[in-house]
Amino acid sequence: MNAYQKYLNELFNRNKKLYDSRSGIRWLNPYQSGHFQDMRDHLLRASGGLSFFKGTKPYYRDISEGCRLCGQGRWSCLFITGKCNASCFYCPSPQAGDEVPSTQGLSFPTAVAYAEYVFRFGFRAAAFSGGEPLLFPDRVLNYLREVKKGPQPCYTWLYTNGIVASRELFLRLAEAGLDEVRFDIGATGYSLERIALARKAIRNITVEIPAIPEHREKLARLLPRMEEAGVKYLNLHQLRLTPHNAGHLLKRDYTYYPAEKPVVVESELAALDILNSAKEQGLSIGVNYCSFAFKNRFQQAGFRKRLAENLLQDDIPVTEQGYLRAGRGAEIAYEAFRIADAGKLPDPSSTLSLRYKSFDVEKYRSFAWSPAGDAEKDSYTRLLRTDPGIPPGDDKLFRIWQHEYIESGLREY
């Protein structure tokens, strides 16, 4: 078993252990994998005209500026509140109570502190999520206005189910500079009614929903109506199993692939089928499939890179994954930064003090290796010259590959 296969096997064992107390989980097995792989290959071949953003996100026609900045690691998502007024079965986390606005484990009680953070770390996009952010419209407007005061343009968008939205509120958001609204119409039975309230105020209207397998045909039929309603983009996500939503998801006849987190195989197939449907109908709406693989790879690497490029004081190379090549002499080592609210890290390396907020900063070592001889050194050097695409079979080289490069493409089942 090579290093990559070992890694996938570790993911399976870890996921299975996490959900060991749950009965009825239908994990993808070798007898099913070939069948599902053939279905996905057929959908990708049939689509023909699809493009791939960053080699991993398939899309038809176009993707929004926000999606591009997210994939480039220049996006910050602020959770305005933890409270929601919907009860979607697929929601991955509890949405029970209001909380201090936060992102990446960092709390931002004031809008000026969040805007300062966005400017300091070079983000070029900011999104406001929840919960349901429009339960606290004045809070959203306050943070939005501060972010828009930055020295560089900042593309902004809002996630909402639209339940408490109004035309007047969208006009206020537009006046404050909001560039895009992303509606989760799955929370409202796929109603497009609320989109009409935003259409004349906000220039970019997006529908962002999980691809629910049993709603695949309904969504395909809804595509022309979305276009007529003024929707420019449809972002389809992959359903993901979490301890919070397991009680709901496990009542449905889904198959789970044990990636870094368990994901629904049929959800991916439904998303690709809807992409095909948009192409077959010749629609102008841009449709993309944002898989868990894409989110997990590019968002994490992007945040590491933001920290590295803005906290690093030495002339040390930063990898595509956002790690520092920090070895000395014959040693090969990778380090990274983490930050937290001041006082949260037990032994921070330093403190970053800005005008409105201070952060604990820690530089930690992620991996180190001392090659045994010239052959191992040469293998490492060759790996640095170019991404081989296929993960190395050797354990040590595989770990290095994970620190250097972002995995591309959809994993085989």
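Reader: Hi! What comes right after helix 4?

Author: Hi! Helix 4 is followed by glycine 122, whose phi is positive, near 70°. Helices here are DSSP runs of H or I with at least four residues, strands are runs of E with at least two, and both are numbered from the N terminus. This is a predicted model, where local features need pLDDT of at least 70, side-chain atom pairs count only at pLDDT 80 or more, and totals for chains, interfaces and linings use all residues. Residues are numbered from 1 along each chain as its sequence is written, and side-chain values use heavy atoms, leaving out hydrogens and water.

Reader: Cool. Why is helix 4 called largely enclosed?

Author: Because 7 of the 10 residues of helix 4 (residues 111-120) are buried, the rest of the structure largely encloses it. Buried means under 20% relative accessible area, exposed means over 50%, and partly exposed is in between (1.4 Å probe, protein chains only). Among the buried ones are Tyr114, Glu116 and Tyr117.

Reader: What does tyrosine 114 touch, leaving aside neighbours within four places in sequence?

Author: Its contacts (heavy atoms within 4.5 Å) include Ser76, Phe108, Phe128 and Tyr143. Tyr114 also belongs to an aromatic cluster with Phe108, Tyr117, Phe121, Phe123, Tyr143 and Phe359.

Reader: How many aromatic pairs are there in the structure?

Author: There are 21. One of them joins phenylalanine 108 and tyrosine 117, a tilted pair at 4.9 Å centre to centre with 40° between the planes. Rings of Phe, Tyr and Trp (its six-membered ring) pair if their centres lie within 6.5 Å; planes under 30 degrees apart are stacked, over 60 edge-to-face, and the rest tilted. Both phenylalanine 108 and tyrosine 117 are buried.

Reader: And which charged residue lies over the face of phenylalanine 108?

Author: Lysine 357 does, at 5.4 Å from the ring centre. A charge counts as over a ring if NZ of Lys or CZ of Arg is within 6 Å of the ring centre and within 35 degrees of the ring normal. Arginine 252 lies over phenylalanine 89 in this way, at 3.6 Å.

Reader: New topic: is tyrosine 190 buried or exposed?

Author: Tyrosine 190 is buried, with a relative accessible area of 7%. Its phi is positive, about 65°, although it is not a glycine. You'll find tyrosine 190 in the loop between strand 8 (180-183) and helix 7 (195-199).

Reader: Where is the cis peptide bond?

Author: It joins glycine 130 and glycine 131, with omega about 25°. Glycine 131 lies in the loop between strand 6 (125-129) and helix 5 (137-147).
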